[in-house]
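Open the model in your viewer and keep the sequence panel beside it. This tour moves from one selection to the next.

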Amino acid sequence: MRRMSKRHKDNVAKVEAGKRYGLSEAVQAALACKQAKFAESVDIHVLLGVDPKKADQAVRGTVVLPHGTGKKTRVLVFCTGADAEAATAAGADYTGLDDLVKKVQDGWTDFDIAIATPATMREVGKLGKVLGPRGLMPSPKAGTVTADVATAVKEFKAGKVEFRVDKQSGIHCAVGKTNFTREQLLENIQAFLSALIKAKPGSAKGTYLMKVSLATTMGPGIRVDTRDVERETAA
């Protein structure tokens, strides 16, 4: 059994067991934990009251975080000709079609976001088995299949993130880093949760936000009072 480090023990002791923290209070608690020697990611974890096996309850969407995620987003764009030039000018890390399709088919997935023009989807569709399980498959619903690749690249580079429910009805998303201010993290989290609530399927009945928690990369999970989430996002 792996031993718990002294730092982690100290951090766990700072989080009150069984308590449901207010959103702002949870952010403050996460930042109060002893940090590693690097700027840790701050992640939000949400358990939804949906059945992801049902197509009409497969929650998915995007949101622009006001202060970004704090990390460089590597953007790949499947495109050709003038679209490739526009994507490169907008800051895309990789552009192309046949060469990139072949590279991905061979197992390469060293990027965070994949965007495609509608005209390239016949070829990109062949990559479903590689990109699908990794959540990287371009989709119109996520804004990653678009004729305006330059705008899409700029948005993702500026802090646009995609969220998608997993097989366990969970949503997990990075909302910043520990070198952000409390206010920056709170604004990012509020934006994310507002988008998630708006994405609630009409067919989902009962409680939608079952559990919400925050955690830094090396820190303990901090449970958030879902009632406070609803108040904060409604404000």
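Begin with T120, in the loop between strand 5 and helix 5 (121-124). The model you are looking at is predicted. Is T120 buried or exposed? Its relative accessibility is 4%, so T120 counts as buried. Leave out residues up to four places away in sequence, and T120 touches F78, C79 and L97.

**The largest nonpolar core**

Now select I44, V46, L48, F192 and L196. The largest nonpolar core has 37 residues, and these five touch the most other members. Next, colour the elements that build this core. Helix 2 (23-32), strand 1 (41-48), strand 6, strand 7 (170-177), helix 8, strand 8 (209-216) and strand 9 (222-224) each supply at least two residues. Which element gives the most to this core? That is helix 8, with 7 residues. As background, nonpolar side chains tend to be buried together in soluble globular proteins.

Stay with I44 and show its surroundings. Neighbours within four places in sequence are left aside here. I44 is in contact with I171, H172, C173 and V175, among others. Its contacts also include I189, F192 and L193, as well as V212, S213 and L214.

Another core lies apart from this one. It has 16 residues, and F78, L97, V124 and M137 are among them. Two of these names were met at the start: T120 touches F78 and L97.

**Aromatic rings**

Show the aromatic side chains next. How many aromatic pairs does a search of the whole structure find? The search finds 3. Pick Y94 and W108. Their ring centres are 5.0 Å apart, with 90° between the planes, and the pair is edge-to-face. Y94 is in strand 4 (residues 94-96). W108 is in the loop between helix 4 (98-105) and strand 5 (113-116). The two are 14 residues apart, and the pair links distant parts of the chain.

Compare how the two partners sit. Y94 has 27% relative accessibility and counts as partly exposed. W108 has a relative accessible area of 16% and is buried, because the cut-off for buried is under 20%.

Add F111 to the selection. Y94, W108 and F111 form one aromatic cluster. Then add K103, which lies over the face of W108 at 4.3 Å from the ring centre. A similar arrangement can be viewed at K19: its charged end sits over the ring of Y21, 4.5 Å from the centre.

Back to W108 for a moment: its relative accessible area of 16% makes it buried. Now jump to F163 and F192. Their ring centres are 5.6 Å apart and their planes lie at 80°, so this pair is edge-to-face. F163 is in strand 6 (residues 160-164), and F192 is in helix 8 (residues 182-198). They are 29 residues apart, and the pair links distant parts of the chain. Both F163 and F192 are buried.

**Around helix 3**

Select helix 3 (residues 81-90). A84, A87 and A90 are buried here. Why do they share a side of helix 3? They cover an arc of only 130° around the axis, which puts them on the same side. Turn to the other side of helix 3, where A82, E85 and A89 are exposed. What do the buried residues of helix 3 pack against? Strand 3 (75-78), strand 4 and helix 7 (149-158). Just after helix 3, stop at G91, which takes a positive phi of about 115°.

**Salt bridges**

Finish with the charged side chains. The count comes to 11 salt bridges. Start with E162 and R60, whose side chains meet at 2.7 Å, N to O. E162 is in strand 6 and R60 in strand 2 (residues 60-64). They are 102 residues apart, and the pair links distant parts of the chain.

Next, select R182 and E183. Their closest N and O atoms are 3.1 Å apart in a salt bridge. R182 is partly exposed, with a relative accessible area of 26%. E183 is also partly exposed, at 43%.

Then take R227 and D225, another salt bridge, with the closest N and O atoms 3.1 Å apart. Which of them is buried and which is exposed? R227 is exposed, with a relative accessible area of 55%. D225 is buried, with 14%.

For the last stop, select K72, D93 and K157. A network of salt bridges links these three.

How values were computed. Residues are numbered from 1 along each chain as its sequence is written. This is a predicted model: local features need pLDDT of at least 70, side-chain atom pairs count only at pLDDT 80 or more; totals for chains, interfaces and linings use all residues. Side-chain values use heavy atoms; hydrogens and water are left out. Rings of Phe, Tyr and Trp (its six-membered ring) pair if their centres lie within 6.5 Å; planes under 30 degrees apart count as stacked, over 60 as edge-to-face and the rest as tilted. Helices (H or I, at least four residues) and strands (E, at least two) are DSSP runs, numbered from the N terminus. Buried means under 20% relative accessible area, exposed over 50%, partly exposed in between (1.4 Å probe, protein chains only). A charge sits over a ring if NZ of Lys or CZ of Arg is within 6 Å of the ring centre and within 35 degrees of the ring normal. The arc is that of the directions from the helix axis to the C-beta atoms. Contact means heavy atoms within 4.5 Å. A salt bridge is a side-chain nitrogen of Lys or Arg within 4 Å of a carboxyl oxygen of Asp or Glu. A nonpolar core is a set of buried Ala, Val, Leu, Ile, Met, Phe, Trp, Tyr and Cys residues joined through side-chain atoms within 4.5 Å.
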